[in-house]
Amino acid sequence: MKICYAIMCHKNAQQVNDMISALNHPNAIFLIHIDKKSNIENEIDKQSNIYFCMNRIDTKWGGPSFTQTILQLYKESKVLEYDYFVLLSGQDFPIKSNRIIFDFFTQNYGKEFVDVHTFDEFKESKYRYERYNIFTNNRKLNYCFRRLQEIFGIKRNYNFMPTFYKGSNWHAVSKPCVEYVLSYVQANRKVISYFDHVDCSDEIIIQTILMQSPFKGNIMNISLWDIHWRKDASNPEVLTMNDYESLIESNKLFARKFDYNIDKQIVDRLKEHNYGT
């Protein structure tokens, strides 16, 4: 079993290095995308099993660039040898040991770990694909433009895609699954163009493609991340020592998000718990 940890990061180089150190293993490789706006590249550890994305993207939350970054990581991972592709952010951290993580993927080889929901569960969010979301980098302007579309009854034509799905953008999938998505994207440019104006398309595109693919039967509708949310919040809570007990008792493999500027001790305690360091 070989795992490719694909990391999207833009700040806190030491935090990224500590995550790499915790996950490092003879059968682990790392593919790192550093946001084009960031200048932390020289601070990230250089090792023989660490690779950097050649094509850096100016990644913005909620916009098409986030999806483009995920697909770029997929694309650049193709030349690497691995069994599972695990998408992480620079503010994630493992909450289980490497032995447990590798045992898990070995025992579940061929299963795809993607969080999936239908929009019937979130009908109020259908605007994300039904309306034109042109101003995804300006939430207020995008909302006003969407309201105008609702007033005038404007809906996009998406008959080419029978069903849309949504879920967390953080996932773990097999290399054949990665290759399928890339082949699909290449053969269906119309779909990718459509997603350029879908709000937070990174939380929709992978789920939508895979749920209408030969991999559908292999999808385990399970997130491997422990993420804490406040009700109606748009961003997850930053984890602190107050969350330590729940994290070590969690059945998940990873957690997010952590921030050394708020609480570094929680990561130190997790390292000590899982790795004895």
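Buried here means under 20% relative accessible area, and by that cut-off helix H6 has these buried residues: Lys175, Cys177, Val178, Val181, Leu182, Tyr184 and Val185. Keep in mind that this is a predicted model. Below is a quick tour of the core, helix H6, the surface, the salt bridges and a few backbone oddities.

**Helix H6**

- Helix H6 runs over residues 175-187, and at 1.5 Å a residue those 13 residues should span 18 Å. The end C-alpha atoms are 18 Å apart, so the model agrees with the expected span.
- An α-helix has 3.6 residues a turn, so residues three or four places apart point the same way.
- On the buried list for H6 you'll find a lysine, Lys175, along with Cys177, Tyr184 and several others, including Val178 and Leu182.
- What do the buried residues of H6 pack against? Their partners are three helices and three strands: H2 (64-77), H7 (189-195) and H8 (205-210) on the helix side, plus S4 (84-89), S6 (112-113) and S9 (172-174) on the strand side.

**Nonpolar core**

- The largest nonpolar core holds 84 residues, and Tyr5, Tyr74, Phe85, Phe105 and Phe254 have the most contacts inside it.
- Strand S1 (residues 3-9) gives the most to this core, namely seven residues.
- Tyrosine 5 makes plenty of contacts once you skip residues up to four places away in sequence: Leu23, Ala28, Ile29, Phe30, Leu31, Val86, Leu88, Ile101, Phe102 and Phe254.

**Surface**

- A nonpolar patch on the surface is formed by Tyr132, Ile134, Phe135, Leu141, Leu148, Ile151, Phe152 and Ile154, and together they have about 740 Å² of accessible area.
- Phenylalanine 152, one of the patch residues, sits in the loop between helix H5 (139-151) and strand S8 (165-166). Its relative accessible area is 63%, so phenylalanine 152 counts as exposed, the cut-off being over 50%.
- Lysine 123 belongs to the loop between strand S7 (117-118) and helix H4 (127-130). With 57% relative accessibility, lysine 123 is exposed too.
- For a sense of scale, take the C-alpha atoms of lysine 123 and aspartate 268: they are 41 Å apart in space, with those positions 145 residues apart along the chain.

**Salt bridges**

- How many salt bridges does the structure hold? There are 16.
- Side chains of opposite charge can pair when their charged atoms come close.
- Arginine 256 pairs with aspartate 92, and the closest N and O atoms are 2.7 Å apart. This salt bridge links distant parts of the chain, with arginine 256 in strand S12 (residues 254-256) and aspartate 92 in strand S5 (residues 92-94), 164 residues apart. Both ends are buried: arginine 256 at 10% relative accessibility and aspartate 92 at 1%.
- Arginine 128 and glutamate 203 form another salt bridge, with 2.9 Å between the closest N and O atoms. Again the pair links distant parts of the chain, 75 residues apart: arginine 128 is in helix H4, glutamate 203 in the loop between H7 and H8. Arginine 128 is buried at 7% relative accessibility, whereas glutamate 203 is partly exposed at 21%.
- Aspartate 199 bridges to arginine 139, the closest N and O atoms being 3.0 Å apart. Aspartate 199 lies in the loop between H7 and H8 and arginine 139 in helix H5, so this pair ties together parts that are 60 residues apart in sequence. Aspartate 199 is buried at 1% relative accessibility, while arginine 139 is partly exposed at 35%.
- There is also a network: salt bridges with shared partners join Asp18, Lys264, Asp268 and Lys271.

**Backbone oddities**

- Most residues other than glycine have a negative phi, and most peptide bonds are trans.
- Which peptide bond is cis? The one from arginine 256 to lysine 257 is, with omega near 0 degrees. Lysine 257 lies in the loop between S12 and helix H10 (265-275).
- Asparagine 12 isn't a glycine, yet its phi is positive, about 55 degrees. You'll find asparagine 12 in the loop between S1 and helix H1 (13-23).
- Cysteine 200 also has a positive phi, near 50 degrees. Cysteine 200 is in the loop between H7 and H8, and with a relative accessible area of 6% it is buried.

Methods: Residues are numbered from 1 along each chain as its sequence is written. This is a predicted model: local features need pLDDT of at least 70, side-chain atom pairs count only at pLDDT 80 or more; totals for chains, interfaces and linings use all residues. Side-chain values use heavy atoms; hydrogens and water are left out. Helices (H or I, at least four residues) and strands (E, at least two) are DSSP runs, numbered from the N terminus. The expected span of a helix is 1.5 Å times one less than its number of residues. Buried means under 20% relative accessible area, exposed over 50%, partly exposed in between (1.4 Å probe, protein chains only). Contact means heavy atoms within 4.5 Å. Patches are made of residues with over 30% relative accessible area and no salt bridge: like charges are joined within 9 Å, nonpolar side chains (Val, Leu, Ile, Met, Phe, Trp, Tyr) within 5 Å. Accessible areas come from the Shrake-Rupley method with a 1.4 Å probe; for residues, only the protein chains shown count as cover. A salt bridge is a side-chain nitrogen of Lys or Arg within 4 Å of a carboxyl oxygen of Asp or Glu. A nonpolar core is a set of buried Ala, Val, Leu, Ile, Met, Phe, Trp, Tyr and Cys residues joined through side-chain atoms within 4.5 Å.
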